[in-house]
Amino acid sequence: MWSLFLFLLPLLLLANTSAFHPFLAPSTRASVGLHASKLSVPDSSVLVVGSGPLPLVAVKTAYFAGYKKVYHLLPPNVHERSAKLMFGDGYSYTTDEEGCLSPPFTSQSGFDDGSCGGKIKFLDGGDPSSTEELACVDGIVFASDNFEPAVPLEVANYLMECASDLKQVSVHSKTMNEEGYGWIVAAARKTANKDIWDRNKDDVQKLTSFTEGVKKKAAENGAGVTVIKTGTLKGGGWGVTNLGDDAEGDEKVGPEGEESYGLSDAFYKAVQRDIVNFQMLYDCETSDVYVMKGDVGVGGGGTQVLKANSSKEEAGDSGRKGTAGALVYSLASGEAGSNQEFTIRSKEGRRGARGTAEWDAKFKSASTAIGQYATN
């Protein structure tokens with residue numbers, strides 16, 4: 001996270017001069033309370049902030065949701081690698097005259113409205129021209145793939161200030177509910193899977209402080225905030241491979257448009273730990289989600305170490321694809337409301353919620369039951 005902070009530091013320092021950013025001057029900011037409305041997808045631009053697989057899944061999800069432009073802050077030296085994680089090792093990294101990526105899709109089946117008019121652009125935080133792009137952002141997604149906030153709060157506040165027409169913010173955090181956590185879960189994190197969420201005291205404090213700080217700043221700017229809570233993150237790819245019996249060469253095996261929903265096979269190669277790739281199996285078996293209202297997730301309890309690398313539906317686990325979907329679609333969903341919290345938990349199923357209508361239904365039927373008893 002701190003490497004990302006250093007990467008953004010030049011941009012942050014420039015924030016101190018309102019002459020450099022005239023749209024940041026107090027007289028040009030709209031009055032508090034005027035912007036707390038949901039996004040109109042085709043007319044809105046979204047900024048995704050954070051590092052790791054989860055933010056990249058969110059970028060791709062927002063792209064297929066149909067947003068006009070999807071920005072992602074990244075150091076220049078990882079632009080090409082990040083694009084390959086989204087689109088495959090064979091993707092030829094190219095940009096158009098605006099600096100936007102040229103996605104490799106020939107089929108439009110993955111897009112919510114059947115067509116693609118949007119673009120993806122990686123922003124360099126050290127480039128002063130990036131702040132001009134940020135001024136056009138309507139929604140921000142703060143997504144972290146580890147136990148740290150997406151960025152330091154000072155950077156988050158600056159980014160929200162740059163977005164002079166900011167309407168909605170979504171924040172990824174972790175469940176703070178105590179049920180199902182304890183020393184056994186903490187031991188499983190140390191010995192079986194370093195990605196296990198164990199409610200470490202320091203992590204809880206950092207994430208809580210960041211979330212409350214974002215809420216405060218967003219309220220000052222008249223924007224709504226939706227918090228998406230998760231447990232241990234798993235999966236994140238499209239769940240298909242070229243190893244199937246009906247594969248031909250490098251062709252992918254899977255439902256039509258499946259490449260729209262998650263990272264490419266390059267992701268599975270990057271996270272391979274053993275002969276059996278549980279991350280890929282997870283995406284094949286557990287891509288659906290339970291959506292629960294409030295912070296009601298639970299940990300894995302006394303058997304956490306036995307299911308640390310499980311690809312099945314387990315208490316305490318949350319899929320990256322479902323988490324990214326909740327973060328992105330809450331920006332525009334009237335059913336998600338503003339200033340609400342939702343918990344995402346794993347659910348068995350090859351196909352998860354897709355598109356505005358299905359996510360609206362998930363948010364509308366969100367259960368308030370404690371994690372393992374969720375039913376939607």
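**Note on the predicted model: strands, a cavity and three loop residues**

1. Helix 5 is mostly covered, with 7 of its 10 residues buried. The buried set consists of V155, A156, Y158, L159, M160, E161 and C162. In an α-helix there are 3.6 residues a turn, so residues three or four places apart point the same way. The model discussed here is a predicted one.

2. For orientation, the chain as a whole may be described briefly. The chain holds 11 helices and 10 strands. It has 376 residues, of which 57% count as buried. If one takes the contacts between residues at least 6 apart in sequence, 81% of them join residues at least 24 apart.

3. Helix 5 belongs to a link between two strands. Strand 4 (residues 139-142) and strand 5 run parallel and are joined by 4 bridges. Between these strands the chain passes through helix 5 (residues 153-162), and the resulting β-α-β crossover is right-handed. Within the pairing, I140 stands opposite V169 of strand 5.

4. Which residues of strand 4 point each way, and are they buried or exposed? G139 and V141 point to one side, I140 and F142 point to the other, and all are buried. As a rule, the side chains of a regular strand alternate between the two faces of the sheet. Strand 4 also pairs with strand 1 (residues 45-49), in the parallel sense and over 4 bridges. In that pairing, V141 of strand 4 is the bridge partner of V48.

5. Strand 5 (residues 168-174) is likewise mostly covered, since 7 of its 7 residues are buried under the cut-off of 20% relative accessible area. One side carries Q168, S170, H172 and K174, while the other carries V169, V171 and S173, and both faces are covered. Besides its pairing with strand 4, strand 5 pairs in the parallel sense with strand 6 (residues 224-230) over 7 bridges. There, S170 stands opposite T226 of strand 6.

6. The next point concerns enclosed space. Rolling a probe the size of a water molecule over the atoms shows where empty space is left. The model has 5 cavities of 30 Å³ or more. The second largest cavity contains about 50 Å³ of space. Its lining is made up of T175, Y181, T230, G231, G297, V298, G316, D317, S318, T343, I344 and R345. Strand 9 (317-319) and strand 10 (340-347) are the elements that give two or more residues to this lining. The largest share, 3 residues, comes from strand 10. Sorted by class, the lining of the second largest cavity has 7 polar, 3 nonpolar and 2 charged residues.

7. G118 lies in the loop between helix 3 (79-87) and strand 3 (119-123). Why does G118 count as buried? Its relative accessibility is 13%, which is under the 20% cut-off, and G118 therefore counts as buried. Leaving aside residues up to four places away in sequence, G118 touches Y63, Y67 and K68. G118 and K69 are 49 residues apart in sequence, yet their C-alpha atoms are 5.2 Å apart in space.

8. P76 has its place in the loop between strand 2 (69-73) and helix 3. With a relative accessible area of 46%, P76 falls between the cut-offs of 20% and 50% and is therefore partly exposed. P76 and L123 are separated by 47 residues in sequence and by 8.1 Å in space, C-alpha to C-alpha.

9. R199 is found in the loop between helix 6 (183-191) and helix 7 (201-220). The phi of R199 is near 60°, a positive value in a residue other than glycine. Most residues other than glycine have a negative phi. Is R199 buried or partly exposed? At 21% relative accessibility R199 counts as partly exposed, because buried means under 20%.

Methods: Residues numbered from 1 in each chain as written. Predicted model: local features only at pLDDT ≥ 70, side-chain atom pairs only at ≥ 80, totals over all residues. Heavy atoms only, no water. Buried < 20%, exposed > 50% of the residue type's maximum accessible area, 1.4 Å probe, protein only. Pairing = 2+ DSSP bridges. Right-handed = clockwise from strand over helix to strand, strands pointing away. Contact = heavy atoms within 4.5 Å. 1 Å grid on protein atoms, 1.4 Å probe; cavity = no way out; pocket = protein on both sides within 12 Å on 5 of 7 lines; lining within 4 Å. Points joined across faces, edges and corners; volume = space filled by probe spheres on them. Nonpolar A, V, L, I, M, F, W, Y, C, P; charged D, E, K, R; others polar.
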